[in-house]
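Visitor: I should like to understand how the descriptive terms for a protein model are justified. Could you take me through the reasoning?

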Amino acid sequence: MNRAAASSLLLAVLAGSAAPAPLSAVPAPAPASMCQAGEQVAYSCRFGKSVGSVCAGRGAVHYRFGLLGSPAMDVANAEDWHNVHLGSVRGQGDGWQEHARFSAGQIHYTVFSGQDGSLSDHPGRTYSGIAVSQGKRGEHSLATLDCKGGAVMAEDWIGLIAAAAPEQLSGNLQEETDGPFDAWF
């Protein structure tokens, strides 16, 4: 439509000689994630220009990180799921944190979310991020990325990951009690 026609239409609408076109709802853009078709977003957050996502689908889970549409890394569950672990910790004043850890050799990518308890400096504050460590027991911290823009998470994102595992393996996903990854991140 050229400028003159657009001006005429606007004047006609304002004068009441033409009914305004109904407004159609424009769907909000899907949150940025590295998940592919057929996968559900368990967790996703932007970290600067990069995106970190945990995706579940078709009996598999993936941790992906990198530029949107071009992951620099994709750590999928091994056939026996030995490289995927789930954990949670509880603190005083009802604080809590839960996590999913994906291991690639001796590099561990731990995606976490939590809420500060009533005895903390910021009661009720929610947070999430990704902690990267190295070593058989994760003894060397390499980085911790805080999700500042708000993560997109499935309501029970840890349960979604567990549900993707074969039933006979789902009980083996829990972190070792009092082990090196049974911790706050």
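Guide: Let us begin with Phe47, which stands opposite Ser50 in β2. Please bear in mind that this model is predicted.

Visitor: What makes β1 and β2 a pair in the antiparallel sense?

Guide: Two strands pair if at least two bridges are found between them. Strand β1 (residues 40–47) and strand β2 (residues 50–57) have seven bridges, in the antiparallel sense. The condition for pairing is therefore met.

Visitor: Which sheet do these strands belong to, and why are β4 and β10 said to stand at its edges?

Guide: They belong to an open sheet of five strands with antiparallel pairing, in the order β4-β3-β2-β1-β10. Both β4 (70–76) and β10 (152–153) have a single partner strand, so one side of each lacks a neighbour in the sheet.

Visitor: How do you know that α2 packs on this sheet?

Guide: Contact requires heavy atoms within 4.5 Å, and α2 touches β1, β2, β3 (60–67) and β10. The direction of α2 makes about 130 degrees with that of β1.

Visitor: What is the strand order of the open sheet that contains β7?

Guide: That open sheet of five strands has the order β5-β6-β7-β8-β9, with antiparallel pairing. Its edges are β5 (84–90) and β9 (140–146); each has a single partner strand, so one side of each is left without a neighbour. From one strand to the next, the twist averages 20 degrees.

Visitor: How do you know that β7 and β8 pair?

Guide: At least two bridges are needed, and β7 (residues 107–115) and β8 (residues 126–134) share nine, in the antiparallel sense. Gln115, for instance, stands opposite Thr126 in β8.

Visitor: Where does α2 lie with respect to β5, β6 and β7?

Guide: Helix α2 (residues 157–164) lies across these strands and runs at about 40 degrees to β6 (96–104).

Visitor: What makes a residue part of the lining of the largest pocket, and which residues lie nearest its centre?

Guide: A lining residue has an atom within 4 Å of a point of the pocket. The lining has 14 residues, and Ser113, Gly114, Thr126, Tyr127 and Met153 lie nearest the centre. Two or more lining residues come from each of β6, β7 and β8, with β8 giving the most, three. The volume of this pocket is about 160 Å³.

Visitor: How much of the chain is called buried, and why?

Guide: Buried means under 20% relative accessible area. Of the 185 residues in the chain, 39% are buried.

Key
Residues are numbered from 1 along each chain as its sequence is written. This is a predicted model: local features need pLDDT of at least 70, side-chain atom pairs count only at pLDDT 80 or more; totals for chains, interfaces and linings use all residues. Side-chain values use heavy atoms; hydrogens and water are left out. Buried means under 20% relative accessible area, exposed over 50%, partly exposed in between (1.4 Å probe, protein chains only). Helices (H or I, at least four residues) and strands (E, at least two) are DSSP runs, numbered from the N terminus. Axes are lines fitted to C-alpha atoms, for helices over the stretch in contact, and angles run from 0 to 180 degrees between N-to-C directions. On a 1 Å grid over the protein atoms alone, a cavity is a set of points where a 1.4 Å probe fits but cannot get out, and a pocket is an open set with protein on both sides within 12 Å along at least five of seven lines; lining residues have an atom within 4 Å of a point. Grid points are joined across faces, edges and corners, and a volume is the space filled by probe spheres set on the points.
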